[in-house]
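I have a new structure open today and a fresh page in my notebook. Come along while I look things up one by one.

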Amino acid sequence: MIQSNSIQKELENKDKLHEILPSFPLCVDIEVAAICDLACPFCYRQSIITPDKLISDSLYENLIKQCEALGVPSLKLNWRGEPLLHPKIDKYIKLAKKSGILEVIINLPIKIHLDLVEFVQ
């Protein structure tokens with residue numbers, strides 16, 4: 001059982017979080033392709049209407065500029081879809097790396113293209 005003193009200490013420590021946590025996110029998630037070439041029976045995409053869409057170049061570039069300005073070190077290019085299905089994924093990875101983002105993460109690369117491996121590493 002938690003005592004009231006320990007709860008009070010926890011509340012006091014939360015006021016000091018701004019001193020130890022960075023003022024920017026450590027990782028930003030961007031869905032570049034809300035499309036998937038699989039039809040997994042357990043996936044929620046099969047039970048809801050999800051339009052297949054690709055992110056626009058201008059929106060992606062704007063988001064990367066914001067990440068660069070904040071000093072975000074990591075970027076994850078997935079959510080519901082498969083980022084490698086985006087026809088400009090190599091351009092997007094290059095732009096992120098050029099902008100100083102140290103780590104670019106993608107999810108399940110079903111259709112991995114060997115020429116993309118050098119950009120992801």
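These entries go from the whole chain to one helix and then to a pair of rings.

**Entry 1: confidence.** I began by noting that this is a predicted model. I looked up the mean pLDDT of the protein and found 77, with 63% of the residues at 70 or more. Which elements have the lowest and the highest mean pLDDT? Helix α5 (residues 114-120) has the lowest, 55, and α3 the highest, 95. I chose α3 for a careful look.

**Entry 2: the whole chain.** I found five helices and three strands. Along the sequence I read the pattern α-α-β-α-β-α-β-α. Of the 121 residues, 26% are buried. I also looked at contacts with a separation of 6 or more: 75% of them join residues 24 or more positions apart. The exposed surface comes to about 8,500 Å², and carbon and sulfur atoms supply 59% of it.

**Entry 3: the length of α3.** I checked the span of this helix, which runs over residues 57-70. With 14 residues at 1.5 Å a residue, I should get 20 Å, and the end C-alpha atoms are indeed 20 Å apart, so the two agree.

**Entry 4: the two sides of α3.** Which residues of α3 are buried? I found Tyr60, Ile64 and Cys67. They cover an arc of only 60 degrees around the axis, so they sit on the same side of α3. I reminded myself that an α-helix has 3.6 residues a turn, so residues three or four places apart point the same way. On the other side of α3, I found Ser58, Lys65 and Ala69 exposed. Next I asked what covers the buried residues of α3. The cover includes strands β1 (27-29) and β2 (74-76), along with helix α4 (89-98).

**Entry 5: just past the helix.** I stepped just beyond α3 and met Gly71, which has a positive phi of about 80 degrees.

**Entry 6: the aromatic pair.** How many aromatic pairs does a search of the whole structure find? I got one. Tyr60 and Tyr92 form this pair, and it is stacked, at 4.0 Å centre to centre with 15 degrees between the planes. The pair links distant parts of the chain, as Tyr60 lies in helix α3 and Tyr92 in helix α4, 32 residues apart.

**Entry 7: are these rings buried or exposed?** I looked up both residues. Tyr60 has 0% relative accessibility, so Tyr60 counts as buried. Tyr92 has 1%, so Tyr92 counts as buried too.

Definitions and conventions:
Residues are numbered from 1 along each chain as its sequence is written. This is a predicted model: local features need pLDDT of at least 70, side-chain atom pairs count only at pLDDT 80 or more; totals for chains, interfaces and linings use all residues. Side-chain values use heavy atoms; hydrogens and water are left out. Helices (H or I, at least four residues) and strands (E, at least two) are DSSP runs, numbered from the N terminus. The expected span of a helix is 1.5 Å times one less than its number of residues. Buried means under 20% relative accessible area, exposed over 50%, partly exposed in between (1.4 Å probe, protein chains only). The arc is that of the directions from the helix axis to the C-beta atoms. Contact means heavy atoms within 4.5 Å. Rings of Phe, Tyr and Trp (its six-membered ring) pair if their centres lie within 6.5 Å; planes under 30 degrees apart count as stacked, over 60 as edge-to-face and the rest as tilted. pLDDT is the predictor's confidence in each residue, from 0 to 100. Accessible areas come from the Shrake-Rupley method with a 1.4 Å probe; for residues, only the protein chains shown count as cover.
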